[in-house]
Amino acid sequence: MGVCGWTACPRLVDHLRTVGENGPSFFVGNLAAVVEKLDEWNTQLPFVKPFYAVKCNDNKTLLALLAGKGLGFDCASQKEMQQILQCAVDPEDIIFASPQKAENHILYAHEQRIQKTVVDSEEELRKLARLAPSMKVFLRLQADDPTARVRLSKKYGMSFQEAIKLLAIARDLSVSIVGICFHVGSAASNPAAYFDAIAMCRQVLDFNNSLASRHAITAIDVGGGFTAANFRRVAQAIRSAKAKYFGEVNGMQWMAEPGRFIASEAFSLVCRVTGIRSRPNASSPSNKVHNAEIFVNDGIYQNFLNALVEGEKSIPTPVLLHCNGNSDRSVPRDGCVYTIWGQTCCSADKIKTACSLCYRVEEGDWLCFPSMGAYTQVTASGFNGFSAVTPIIWIPSAQRPGA
Ligand SMILES: Cc1ncc(COP(=O)(O)O)c(C=O)c1O
């Protein structure tokens with residue numbers, strides 16, 4: 001028995017049969033979900049070229065698809081640049097977007113003719129002037145959506161005052177500033193943060209235009225932060241800000257660095273329940289609710305680091321993909337509430353607290369967490385002797401788990 005629409009998918013049925021009872025957790029990959037997202041991007045933001053953020057998910061098949069579709073790429077390190085160059089991407093379509101870079105990574109970018117990069121400090125600008133003065137620099141402004149799940153502005157970005165100071169310093173160093181960028185935070189929820197950040201880009205541009213020896217600034221990079229939930233509202237805010245501050249014909253190249261929006265829904269994570277622990281619950285002594293703790297063969301040291309970084313709320317509620325054979329599951333009137341633990345012995349390895357499910361879980365079940373393609377497999381480690389590599393089963397359709 002299974003309650004998920006994928007139960008009938010032959011590849012999955014086959015996989016579950018062949019991995020047997022003790023198989024590791026695995027991803028179900030579905031590239032149709034990526035194509036859907038790219039179509040939506042082109043409808044909502046046709047003037048903005050996406051530079052996919054490789055850090056979000058560097059799966060080779062995904063990168064090859066995106067390269068074939070003509071996307072650009074945002075890389076954060078030498079290894080990511082290598083991965084993208086191996087996909088035969090033009091160096092022009094790569095931005096080395098980390099505001100703080102190790103010297104050898106800068107030299108690698110320079111050798112490979114990757115020219116676009118980012119700074120948010122005078123020190124980093126001077127480092128570039130010393131190592132690779134011909135690189136084309138974007139100034140990263142501080143833009144913040146305080147409700148974003150990951151507030152990147154706590155670490156990166158500069159104020160308007162700092163930015164305009166760097167314009168003059170770059171002139172003295174003979175480094176070209178060619179663009180302005182920002183990132184309002186990952187999994188943002190406030191479209192006004194994009195609107196305000198684009199207004200600040202306009203201010204920096206106006207200041208630059210007032211200088212006798214101005215830079216040829218020709219690009220605005222609106223960063224990432226997009227999700228399936230916010231995308232239409234954020235796209236609307238970007239279109240309005242562009243119309244208000246730049247007009248229709250503005251001679252700017254518009255760029256973005258989406259990660260999560262593109263990769264999240266393309267991968268679901270399927271985990272096996274390896275153990276259950278029931279303890280009498282003082283707060284719910286009646287048996288109207290079934291309370292228990294369950295242990296699965298994954299965790300924060302593999303594909304669930306987001307439970308810590310972004311909070312447990314960011315982890316989707318799992319659907320039951322496959323029962324262990326006992327399909328007679330009586331569910332108490334008020335359902336079942338579980339704490340879901342990861343597989344290492346670390347007490348921080350908790351995936352979800354008080355997760356309400358409409359089905360009763362047993363050892364040996366396979367649970368499917370949908371939309372787990374963003375910042376999951378890229379952060380996995382081998383802590384406690386578990387594998388850092390999670391297999392992927394590709395399925396052909398855009399069918400969603402639970403559909
Ligand atoms: C510089 C930069 N660009 C783009 C991204 C991708 O952001 P998101 O996945 O929210 O779209 C990140 C995420 O950390 C980032 O640091």
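This report describes how selected strands and helices are arranged in a predicted model.

**The barrel**

Eight strands form a closed barrel in the order E2-E3-E4-E5-E6-E7-E8-E9, and their pairing is parallel. From one strand of the barrel to the next, the twist averages 30 degrees. Within this barrel, strand E8, which spans residues 219-221, is joined by 3 bridges to strand E9, which spans residues 253-256, and the two run parallel. At this pairing, isoleucine 220 stands opposite tryptophan 254 in E9. Helix H4, made of residues 78-85, packs on the sheet, where it touches strand E3 (72-75) as well as strand E4 (94-96). The direction of H4 makes about 160 degrees with that of E3.

**Strand E10 and its partners**

Strand E10, covering residues 267-277, pairs in the antiparallel sense with strand E1, with strand E15 and with strand E11. The table sets out these pairings, each with a pair of residues that face one another across it.

| Partner of E10 | Residues of partner | Sense and bridges | Residue pair |
|---|---|---|---|
| E1 | 26-29 | antiparallel, 4 bridges | phenylalanine 27 and leucine 269 |
| E15 | 366-369 | antiparallel, 4 bridges | arginine 272 and tryptophan 366 |
| E11 | 290-296 | antiparallel, 4 bridges | valine 273 and valine 296 |

Read along E10, leucine 269 is the bridge partner of phenylalanine 27, arginine 272 has tryptophan 366 of E15 as its bridge partner, and valine 273 stands opposite valine 296 of E11.

**Helices H6 and H7**

Helix H6 is formed by residues 122-131 and helix H7 by residues 160-173, and their axes come within 11 Å of each other while crossing at roughly 20 degrees. Because angles under 35 degrees count as roughly parallel, this crossing makes H6 roughly parallel to H7. The crossing in which H6 passes H7 is right-handed. On the side of H6, the contact is made by Glu122, Leu125, Arg126 and Ala129, while H7 contributes Leu166, Ile169, Ala170 and Leu173. Sorted by class, the residues of this contact comprise 6 nonpolar and 2 charged ones, with no polar residue present. The charged residues are Glu122 and Arg126, and H6 supplies both of them.

Terms used. Residues numbered from 1 in each chain as written. Predicted model: local features only at pLDDT ≥ 70, side-chain atom pairs only at ≥ 80, totals over all residues. Axes fitted to C-alpha atoms, helices over the stretch in contact; angles between N-to-C directions. Parallel < 35°, antiparallel > 145°, perpendicular 65-115°, else oblique. Left-handed = near helix turned anticlockwise from the far one by under 90°. Contact = placed C-beta atoms within 7 Å. Pairing = 2+ DSSP bridges.
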